[in-house]
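Please read the following note with the structure open beside you, taking the points one at a time. They begin with a surface feature and then turn to the contact between the chains.

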Amino acid sequence: MTSLIEGIWHILFYVCMSKMEIVYVYTKKRSEFGRQCNFSDRPAELHVDILPDISLAANFTVRDPCNVTVQCAEEMSEHEVNTERFESESRGINHVEGGWPKDLNPEDMEVTIRYRKKVEKDEHYQNTIMQIAGLMEHCCKQNNATDIYQEFFEEEDDEVVEESEEQPSAKTINVFRDPNEVKRTATSLCWHPDGNHKLAVAYSSLEFQRAPNDMSFDSYIWDIENPNKPEMTLKPVSPLVCLEYNPKDSHILVGGSYNGQIAYWDTRKGSQPAEMSTIEHSHRDPVYKVIWLQSKTGTDIFSASTDGQVLWWDIRKMSEPFERLVLDPSKKGNLDNALGAVSLEFETTMPTKFMVGTEQGLVVSCNRKAKTPAEKIVCTYSGHHGPIYALQRNPFFPKNFLTVADWTARIWSEDIKESSIMWTKYHMAHLLDGCWSPVRPSVFFTVKMDGTLDVWDILFKQNDPTLSLKVCDEALCSIRVQDNGRFLGCGSQLGTTTLLEVSAGLCTLQKNEKAMVSEMFERETKREKILEARHREMRLKERSRSEQSREDEGKEADGEESTEELVARAEREFFDIMEAEKKKEWNEERQREKEKGVCEEKDFQEEHETNGVSSFTRREISL
Amino acid sequence: MTAEVEETIKRIQSQKGVQGIIIVNAEGIPIKSTLDNSSTVQYAGNVHQLLMKARGMVRDIDPQNDLTFLRVRSKKNEIMIAPGVKTI
């Protein structure tokens, strides 16, 4: 029996072998099922030994040994996620009554009243009402008993504003991007006069003839709460370089455009300009600044442009300006000599005076009420090396004004015409715009070409800005502070306007600030005055000294020589020296020839040859 | 019973500083109101959602807890909301 089974086992095993499966079968007598297991120890038995089959190796190719690094650590991979811009829109909800049972018509008064009455009769309703009414009454009484949110230390707060511990900082609140494909520079910003909820931004490309053909001309008015879409679009005929709200009427805006025309808009009337100035009487260059004047009608503006003119307009009659001034420093009204204007300054407390910042780096102070055009230009202040991009009087001390140009910002006093009383160091990038803070006399802001915003506090530090922030990578071209001094907007070269909020320390008036700033300005003015006086003395001395020495020489030469005579004299001297040198050379040559000639006489037969040679050599020398 | 309810409501209304009362049922229908219709509808619509959220929050933090009263204080006024007791 077992042998038969054994036989079966062998066959089974063989079959399994061909399929590469190892099976071990054992048999047991039926009577032995269920018996307890008696384990016995025995040495290991080798059941299967499969030797390698070399022929199988032909199915595989040997791989080159390669170094594989293995690390027992979690495998990580880096992913970047950028959320898509989500455009949101504000919408209102209109509430309607709901919850009425299906069979009830809410419009039907009778039915609703009946329903309500039914509910009121419900016992559960009454119980609930009694409960919560008790609670409500308790809270009402609580409210009336004491004001739990009363401010206890309000009065003390005003005096103890010692936020000097707080580091000055500024943070970005919102960023408004130019919605067009082709980005233009945000050249000018203007805050809405009431409420400061809107910001008008003028967009244009100031690079000469580099504006792409499909560039949009539009400028926008943004609502600061909504950076996704501008609140209103202004569509001028030519891109606007500057834009100003009328401080008296917040619906009117005036803009100066790239082609020299002035246009004004009424925001109630739409995106097209309400009226534009005629081309013949407008400026011939982009209008860089437009300012509203203080007048009874509230409709007067004046504009400045690099064509050298300052024009006064009444917006009701834009066909021609009612006054014109040519910025000719020689006071002859000659347009060819005129200085190009890049910025204007006008203070409503001093309506007869105004100042113009020019391309050549001069600030020209003018008087509106002068009788003759020659007297209109009162004086000039020089000291900058490049166009003056910003010009503003200090709102607290109008005698001092700030200019921003080339690589520095300078503070001037009206009385000192030769130099500024205070200046910043030369920066690495051009300064493109600046303004005073309207709440603190010692604080002003500047923006640079490398995209940084600097906040200067001259009472705290004069050499460096108190706060320097990198706002964006491209140049910042314009900056404007809101009237509360807390928010400021800056426009960049790619049309991105950033709204920033400065820390409270930079927009609250510190105690004694006015007195300290006034002292500082006076001190610097005095210093400059002394320096000016000394310079004048030194110049006088020089002049008198040179006059004396010239008198001595004057008996021979004819006193002071003009530049032409000097040039002629220099020429003559030069040629004399040349002649002298030439003569010297020629004499030397003659000497050399004489010596050679002596040798020739000795050897007469070879005269021709030597002559030839000497002539050859002579030619060499002449060459 | 209804007379008592009326009296209670009148008493609350007469408290100093109370601008108006609105009673809203579970379905959001304003049953009684001393304000004009449009304001009533606006308040009723908004309050319901706020109440649900507030109650949900309180119970989320502690399931045994429940919302008893909700005060919404704003610059101009204060809205006081007493949620009705839910019976099973």
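## Notes on a surface patch and an interface

1. In this predicted model, the residues A:F574, A:F575 and A:M578 together make a nonpolar patch of about 330 Å² on the surface. To place the patch along the chain, note that A:F574 lies in helix α7 of chain A, which covers residues 563–602.

2. Turning to the interface, chain B brings 36 residues to the contact and chain A brings 32 residues. The two chains bury about 3000 Å² between them, and 63% of that area comes from carbon and sulfur atoms. Within the area that chain B buries against chain A, B:I29, B:I31 and B:R73 account for 19%, which is more than any other three residues supply.

3. As for charged pairs, 2 salt bridges are counted between chain B and chain A. One of them joins A:E120 to B:K32, with 3.9 Å between the closest N and O atoms, a separation that falls within the 4 Å cut-off used for a salt bridge. There are also 7 residue pairs in polar contact across this interface, counted where both residues have pLDDT 80 or more.

4. On the side of chain B that touches chain A, the elements giving two or more residues are α1 (2–13), β2 (30–33), α2 (37–61), β3 (70–73) and β4 (78–81). Of these, α1(B) provides the largest share, with 7 residues. Sorted by character, the residues on this side of chain B comprise 15 nonpolar, 12 polar and 9 charged.

Notes: Residues are numbered from 1 along each chain as its sequence is written. Chains are lettered from A and ligands numbered from 1 in the order in which they are written. This is a predicted model: local features need pLDDT of at least 70, side-chain atom pairs count only at pLDDT 80 or more; totals for chains, interfaces and linings use all residues. Side-chain values use heavy atoms; hydrogens and water are left out. Contact means heavy atoms within 4.5 Å. Buried area is the accessible area (1.4 Å probe) that two parts lose on being put together, summed over both. A salt bridge is a side-chain nitrogen of Lys or Arg within 4 Å of a carboxyl oxygen of Asp or Glu. A polar contact is a pair of N or O atoms within 3.5 Å; within protein, one must be able to donate a hydrogen and the other to accept it, and residues adjacent in sequence count only if both atoms are side-chain atoms. Helices (H or I, at least four residues) and strands (E, at least two) are DSSP runs, numbered from the N terminus. Ala, Val, Leu, Ile, Met, Phe, Trp, Tyr, Cys and Pro count as nonpolar, Asp, Glu, Lys and Arg as charged, and the others, Gly among them, as polar. Patches are made of residues with over 30% relative accessible area and no salt bridge: like charges are joined within 9 Å, nonpolar side chains (Val, Leu, Ile, Met, Phe, Trp, Tyr) within 5 Å. Accessible areas come from the Shrake-Rupley method with a 1.4 Å probe; for residues, only the protein chains shown count as cover.
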